[in-house]
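Subject: A structure for you to look at

Dear colleague,

I am handing over the structure that we talked about, together with some notes on what was found in it. Please open the sequence and the model side by side before you read on.

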Amino acid sequence: MLAALFLLFLLAVGFSILQAIAHRHSTLREVLGLPKRPTSRREWTLGAAVGWGCVVLAVLPMTLTGKLDVQLWMQPRAIWLLLLNLLTLGIAALAEEVAFRGYPFRRLIEATGPVAATIGMSLLFGLGHAMNPGATWMGVLVTMLAGLLFSVAWLRTHGLWLSWGLHFAWNASIGVLFGLPISGISDFASVVQTRAFGPSG
């Protein structure tokens, strides 16, 4: 969690400096892509609901066909780990959204247009995950498609609330709710711990 907070801090400082150099006057929230508006909570909640639903639709067939071995760990420490993991994933998802679809995405749109910026940033988002433990080309492709979805969410709302909710719920549903690895990392499985059977892709 501390690493994600530090990354978010560095992004906020760096993008604020770039904004000042460009003589653009904005609040820190606007620089980060989190404008204050009445619909922000609803946008985040909608994104979280859609992200959770997408993961359920993807994992449910594996569950029904017996390709997942699920174990529960109900010790008191597991509950604290669950809360800590949710908080960590929330901050990490925000940091990634700010890094890829915050300030840089808006400047890229100004330079190349929304279509080229969306494709370019989605490719970078996928390739940025290619060095994760156990990464496969199929996994990178799925991450690129997720990046495309997150970029479209920003284009629809001109803020990161929707994409942040999507990103967080996707990761939290995979890692915490179903206990599966997130980008090859299994550290977020606390109460639910799951093993998948089948080809690695």
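The notes below go from the overall layout to the salt bridges, a pocket, a surface patch and one glycine.

Please keep in mind throughout that this is a predicted model. The protein has 8 helices and 2 strands, and, read from the N terminus, these elements follow the order α-α-α-β-α-α-α-α-α-β. Of the 201 residues in the protein, 41% are buried.

Let me turn to the charged side chains. Side chains of opposite charge can pair when their charged atoms come close. How many salt bridges does a search of the whole structure find? The search finds 3, and I take them one by one.

One of them joins the side chains of E43 and R37, with 2.9 Å from N to O. The two partners differ in their surroundings, because E43, at 13% relative accessibility, falls under the 20% limit and counts as buried, whereas R37, at 22%, counts as partly exposed.

Another salt bridge links E97 with R101, and here the closest N and O atoms are 2.8 Å apart. Why are these two residues separated by about one helical turn? The reason is that E97 and R101 are 4 residues apart in helix α4, which covers residues 76-101. Both E97 and R101 are buried.

The remaining salt bridge is the one in which the side chains of R107 and E110 meet, at 2.8 Å from N to O. These residues both belong to helix α5 (residues 103-112), and because they are 3 residues apart there, about one helical turn separates them. R107 is partly exposed, with a relative accessible area of 22%, and E110 also counts as partly exposed, at 49% relative accessibility.

Next comes the empty space in the model. Rolling a probe the size of a water molecule over the atoms shows where empty space is left. The second largest pocket has a volume of about 200 Å³, and its lining is made by T39, R42, E43, L46, V50, L149, V152, A153, R156, T157, L162 and L166. You will recognise E43 in this list as the partner of R37 in a salt bridge. Sorted by class, the lining has 7 nonpolar, 2 polar and 3 charged residues. Which helices each supply at least two residues of this lining? They are α3 (40-64), α7 (137-157) and α8 (161-177), and among the contributors α7 gives the most, with 5 residues.

On the surface, F6, F9, L10, V13, I17, L18 and I21 make a nonpolar patch of about 680 Å². I21, which has its place in helix α1 (residues 2-21), is a useful residue to look at here: its relative accessible area is 59%, which is over 50%, and therefore I21 counts as exposed.

Finally, please look at G165, which is found in helix α8, one of the helices that help to line the second largest pocket. Is G165 buried or exposed? At 0% relative accessibility, G165 counts as buried. Although G165 and G51 are 114 residues apart in sequence, their C-alpha atoms are 7.4 Å apart in space.

With best wishes

Terms used
Residues are numbered from 1 along each chain as its sequence is written. This is a predicted model: local features need pLDDT of at least 70, side-chain atom pairs count only at pLDDT 80 or more; totals for chains, interfaces and linings use all residues. Side-chain values use heavy atoms; hydrogens and water are left out. On a 1 Å grid over the protein atoms alone, a cavity is a set of points where a 1.4 Å probe fits but cannot get out, and a pocket is an open set with protein on both sides within 12 Å along at least five of seven lines; lining residues have an atom within 4 Å of a point. Grid points are joined across faces, edges and corners, and a volume is the space filled by probe spheres set on the points. Ala, Val, Leu, Ile, Met, Phe, Trp, Tyr, Cys and Pro count as nonpolar, Asp, Glu, Lys and Arg as charged, and the others, Gly among them, as polar. A salt bridge is a side-chain nitrogen of Lys or Arg within 4 Å of a carboxyl oxygen of Asp or Glu. Buried means under 20% relative accessible area, exposed over 50%, partly exposed in between (1.4 Å probe, protein chains only). Patches are made of residues with over 30% relative accessible area and no salt bridge: like charges are joined within 9 Å, nonpolar side chains (Val, Leu, Ile, Met, Phe, Trp, Tyr) within 5 Å. Accessible areas come from the Shrake-Rupley method with a 1.4 Å probe; for residues, only the protein chains shown count as cover.
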